[in-house]
Amino acid sequence: MQTEIKFAGFGGQGILLSAKLLAYAAMKQGSFVAWVPSYGPEMRGGTAYCTVVISDKLIGSPIIKNPTHLVAMNRPSLEKFVDDVKPGGIVFINKSLIPGGSDRTDIIKLEVPINEIAIKAGSVRAANIVALASFAAKSKLVDLDLLKDCIKGEFAAKAKIIPLNMKAFDEGVNFANNN
Amino acid sequence: MAKVLMKGNEAIAEAAIRAGCLNYFAYPITPQSEVAEYLVKRLPEEGGVFLQGESEVAVGYMIFGAAGAGERVMTTSSSPGISLMSEAISYIAAAQCPAVFVNIVRGGPGLGGILPSQGDYFQATKGGGHGDYHLLVAPDGVQEAVEMTMQAFTLAEKYRGPVMILGDGLIGQMMEPVEFPDNLKTEPSNKDDWATNGMDTRKSKKRNLVKSLFLDPTELNNNNLALKAKYDQMKREEIQFEAYNTDGDYKVLITSFGTMSRVCRTAIDLLKEEGIEVAMLRPKTVFPFPEQAVFDAATKKSCKSVISIEMNMGQMVEDVERCVKGQRPVEFYGECGGDIPSPEKIIEIIKKMI
């Protein structure tokens, strides 16, 4: 069983970090993982994206054309990648920036107003954690407590922002569970 | 040690430190700059030296100097940078000094692009600079890059010559779980017989001379014979390869190396689900090349043809043809410039072959 998740958005939206945290939690859970960034000229000002592959066996090709799921943080990313997602996959849509959504009916749409939720939790800067948490809750790919531990580990050097991120995480999970 | 999630470039950097390399000289170039970024932080913690040269040409000779003085030393670069270092690599081979070079290959020729490629196979395996010399090794992922980097220092000292890790941009940029095997660390060899490591620290009274200039024809011929003897020994002792799905009655044999071999593995697994048996022979050392293994796998009774799949326009395929000796048709498929042939494309090509 192999699952591939594409994370896409503007540079600066925490795409690479969110993807890394998910990969890290999956690794701790005992899965094989690969984190493959785009490092082309697109990074400068355009869409940044990266793919996480989670598998129960050794990962062959880390280059994925059709991912299982998509986390789209902005409109260009959604438009560019939504048609690549395999039928039945989860498409996370950052409702704060993407009003339209997608016409596809063979996917599970998870539309989350991450900015509003993050502001309510304390700061818009935790929006990427809201996104990660709600996607993780919906997809059930990793244990949520384990993922929280990975986030704490990542922010260990900046301990004072951990409570904010934990709150944002819980709010993201709640939203996914109730919508 | 527990597994950690690391980028290939960072993992190579950490592996070098764990292998006892405390000297790193480099000039930045995408897609391998994270190696320097990592080592500029880590080396001072270990009492080591990081120095950024003014160019790759300068770096090449910094490596020569440190290696000649008997220090464990490494540099990392990417294709155009390795071209600039090639002169020094040739000198280092001639002067028989151990040093490790990592080439995180990007698209070429010229400045090319910054995405992954295998376009430097010819350069790495056939010399690259002038004269009769060779280099080795190619990893297929972050874990193997770590192990090969650690082994490279041992190999460089065993053969007193340059060893190259031939990676590509994807191996450098991708994050995978890695472990750093302690057993791959070796103590530095005794270099008193040849290195200019200081008269105070060694017992011998003999002065050592590190040089690559041999004006006397007999002396130069003897030096080349000594190098040839080492390359012959490598061919006997250092060949590494992976045979994948070679037990069954496969009709097609794929040859590929590095990142490309992972994509081929996925294609082979998918074809197997359809009942089509395809095997792969993956050289881990691209020099010395697994000549006999390629010949044996290609000439198995069930095997009708061979295809070399590479991220270039056809380089390793020449070695494959040489090894197959005309016993089977050898085809080639490759993409470059950053595009990597997909499993679906490979499946389509294989189906046309059978």
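This short talk covers two helix packings in chain A, a strand pair in chain B, and the contact between the chains.

Ground rules. This is a predicted model: local features need pLDDT of at least 70, side-chain atom pairs count only at pLDDT 80 or more, and totals for chains, interfaces and linings use all residues. Residues are numbered from 1 along each chain as its sequence is written, with chains lettered from A and ligands numbered from 1 in the order in which they are written.

Chain A to begin. Take helix H3, residues 114-121, and helix H4, residues 127-139. Helices here are DSSP runs of H or I, at least four residues; strands are runs of E, at least two; both are numbered from the N terminus. The axes of H3(A) and H4(A) come within 8 Å and cross at roughly 115 degrees. Axes are lines fitted to C-alpha atoms, for helices over the stretch in contact; angles run from 0 to 180 degrees between N-to-C directions. H3(A) and H4(A) are therefore roughly perpendicular. (Under 35 degrees is roughly parallel, over 145 roughly antiparallel, 65 to 115 roughly perpendicular, the rest oblique.) The crossing is right-handed: the near helix is turned clockwise from the far one by less than a right angle.

Who meets whom? From H3(A): A:Ile114, A:Asn115, A:Ile117 and A:Ala118. From H4(A): A:Ala127, A:Val130 and A:Ala131. Contact means C-beta atoms, placed from the backbone, within 7 Å. That contact has 6 nonpolar residues, 1 polar and no charged. (Nonpolar: Ala, Val, Leu, Ile, Met, Phe, Trp, Tyr, Cys, Pro; charged: Asp, Glu, Lys, Arg; polar: the others, Gly among them.)

H4(A) also packs on helix H6 of chain A, residues 162-178. The angle is about 40 degrees, with the axes 7 Å apart. That makes H4(A) oblique to H6(A). This crossing, too, is right-handed. H4(A) residues in the contact include A:Val130 and A:Ala131. Among those from H6(A) are A:Phe169 and A:Phe175. The split is 10 nonpolar, 4 polar and 2 charged.

Now chain B. Strands S11 (305-310) and S12 (330-334) run parallel, joined by 5 bridges. Pairing takes at least two DSSP bridges. B:Val306 stands opposite B:Val330. The connection from S11(B) to S12(B) goes through helix H11, residues 316-324, and this β-α-β crossover is right-handed. (With the strands pointing away from the viewer, the path from the first strand over the helix to the second runs clockwise.)

Last, the interface. 18 residues of chain B contact 16 of chain A. On the chain B side, H9(B) gives the most, 5 residues. That side has 10 nonpolar, 3 polar and 5 charged residues.
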